[in-house]
Amino acid sequence: MSSPSEVAFITYINNVSAQINQYLSIFIFLFGTVGNILNILVLSQRSFRSNSCATLFLGSSIANFIAIITGLTTRMLSGWAVDLTNTNRVLCKLRAFVLNVARPVALWLILLAGIDRWLLSSPNIRYRQMSSLKNAQRSIIITLILSILLFSHIIYCYEPNLINAPLKCYGVTITCRLATDLSLMFMTIFFPLLFMLIFGLMTINNVRYSRNRTRPGDISMITMQGPPSTSRPTEQQQRNKIDDQLLMMLLVQVLLLFIFALPLGVQKLYSTITTNRVSSQAQVAIDNFAYNFVLLLNFIANGMPFYIYTLVGGNVFRKELQKMFATARQKICRL
């Protein structure tokens, strides 16, 4: 039997968890949905269409948008006891499957963007040729298929109306929960973040190498060929500027992903280690609160890319955003 003070503590923790779920979810939903829609519109512009890294950013933004819609809509509705995924079997399975497929796709595409930047910055011409729009499009399709296969067990595992679980729509058996948690922990968070860090450092090393190296013969070639034309250097400078700004956008996003996505992986690791532990009701309430909080932090990671790109994406991203707003304003005025 729990003491009155413990019952009061459990009630308080559950109420705080419910309030955070209800109101913080609304904020994350609004800024994440608006940000990802603007991201999709900007990255679809002509100046980014032929860029492999921007294409991967676009795919990641679409996946982030789907993750926020499927993940946060139901959490907001649960505050008013109208979340059908908690009671409807089909909606429970469908929502969990789409959400768990979209989240790794969004993260893996950022990882692939990091690999693309590493290839493009490599001094080896064969590696640089692998950074192409066609390869980026192929990698998006392969990533989606792998994510669907990895989390296909959710269709069988998840059931609604559960009581002793962090969510009412959750894995029905310990085996199902372990399969989902381990897949999310390693394949969606730990391994992608680790490889992002590795390829980020390798890209920085390539950039430093390319800037510091000297190429003998350049001066003589310039002397023999005369002054360069004005059109091609300007076009090349524009491409280099876009590449540099995309690299900065990528590195800042990887840093923030470590801050907002890693806690969910740590929590999943903790829940896996303590699966067979007998916990008190107070400990269960604390664990559920921690899970819900780090899960919302993970949704912040899904909603923040647009604001990163706007702040650190340089003039190229902001100019495209301004141009898009100006075009939309002109169309509205014509109406």
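# Exercises on a predicted model

The largest pocket has 47 lining residues, and those nearest its centre are Ile163, Ala165, Pro166, Leu167 and Asn288. Keep in mind that this is a predicted model. The exercises below start from that pocket and then move through the chain.

## Exercise 1: The pocket

Task: Find the volume of the largest pocket, and work out which helix gives the largest share of its lining.

Solution:
- Step 1. Begin with the volume: the largest pocket comes to about 1,500 Å³.
- Step 2. Next, look for the helices that supply at least two lining residues each; among them are α1, α3 (52-78), α8, α10 (231-273) and α11 (281-303).
- Step 3. Now pick out the largest share: α1 provides 7 residues of the lining.

## Exercise 2: The chain as a whole

Task: Describe the chain by its secondary structure, its buried share and its contacts.

Solution:
- Step 1. Go through the secondary structure, and you arrive at 13 helices and 2 strands.
- Step 2. Turn to burial: the chain has 335 residues, and 44% of them count as buried.
- Step 3. Take the contacts with a separation of 6 or more; 82% of these are between residues 24 or more positions apart.
- Step 4. Finish with the surface. The accessible surface is about 18,400 Å², and carbon and sulfur atoms account for 67% of that.

## Exercise 3: Asn39

Task: Is Asn39 buried or exposed, and which residues does Asn39 touch beyond four places away in sequence?

Solution:
- Step 1. Locate the residue: Asn39 belongs to helix α1, which covers residues 4-43.
- Step 2. Apply the cut-off for burial, which is under 20% relative accessible area. Asn39 has a relative accessible area of 0%, so Asn39 is buried.
- Step 3. List the contacts, leaving out residues up to four places away in sequence: Asn39 touches Ser61, Pro305, Phe306, Tyr309 and Phe317.

## Exercise 4: Salt bridges between parts of the chain

Task: How many salt bridges does the whole structure have, and which parts do two of them tie together?

Solution:
- Step 1. Recall the general idea: side chains of opposite charge can pair when their charged atoms come close.
- Step 2. Search the whole structure, and 5 salt bridges turn up.
- Step 3. Take one of them: Glu159 and Lys93 meet through their side chains, at 3.3 Å from N to O. Glu159 is in strand β1 (residues 158-159) and Lys93 is in helix α4 (residues 89-121), so this pair ties together parts 66 residues apart in sequence.
- Step 4. Check both partners for burial. Glu159 counts as buried because its relative accessibility is 17%, and Lys93 counts as buried because its relative accessibility is 11%.
- Step 5. Move on to Asp181 and Lys268, whose closest N and O atoms are 2.9 Å apart in a salt bridge. Asp181 sits in helix α8 and Lys268 in helix α10, so parts 87 residues apart in sequence are tied together by this pair.
- Step 6. Check these partners as well: Asp181 is buried at 7% relative accessibility, and Lys268 is buried with a relative accessible area of 3%.

## Exercise 5: A salt bridge within one helix

Task: How are Lys323 and Glu320 placed in helix α13, and which residues are joined into one network by salt bridges that share partners?

Solution:
- Step 1. Start with the distance: the salt bridge between Lys323 and Glu320 has its closest N and O atoms 3.5 Å apart.
- Step 2. Place the pair. Both are in helix α13 (residues 314-334) and are 3 residues apart, so about one helical turn separates them.
- Step 3. Compare their accessibility: Lys323 counts as partly exposed at 47%, whereas Glu320 is buried at 8%.
- Step 4. Now look for shared partners: Arg89, Lys93 and Glu159 are joined by salt bridges into one network.

## Exercise 6: A nonpolar patch

Task: Which residues make the nonpolar surface patch, and where does Leu194 lie?

Solution:
- Step 1. Collect the members: Leu182, Phe186, Met187, Phe191, Leu194, Phe195, Ile198 and Met202 make a nonpolar surface patch of about 620 Å².
- Step 2. Place Leu194: this residue is part of helix α8, residues 174-212.
- Step 3. Judge its exposure: Leu194 has 41% relative accessibility, so Leu194 counts as partly exposed.

Terms used:
Residues numbered from 1 in each chain as written. Predicted model: local features only at pLDDT ≥ 70, side-chain atom pairs only at ≥ 80, totals over all residues. Heavy atoms only, no water. Helix = DSSP H or I, 4+ residues; strand = E, 2+ residues; numbered from the N terminus. Buried < 20%, exposed > 50% of the residue type's maximum accessible area, 1.4 Å probe, protein only. Contact = heavy atoms within 4.5 Å. Areas by Shrake-Rupley, 256 points an atom, 1.4 Å probe, with all protein chains shown as cover. Patch = residues over 30% accessible without salt bridge, like charges linked within 9 Å, V, L, I, M, F, W, Y side chains within 5 Å. Salt bridge = Lys/Arg side-chain N within 4 Å of Asp/Glu carboxyl O. 1 Å grid on protein atoms, 1.4 Å probe; cavity = no way out; pocket = protein on both sides within 12 Å on 5 of 7 lines; lining within 4 Å. Points joined across faces, edges and corners; volume = space filled by probe spheres on them.
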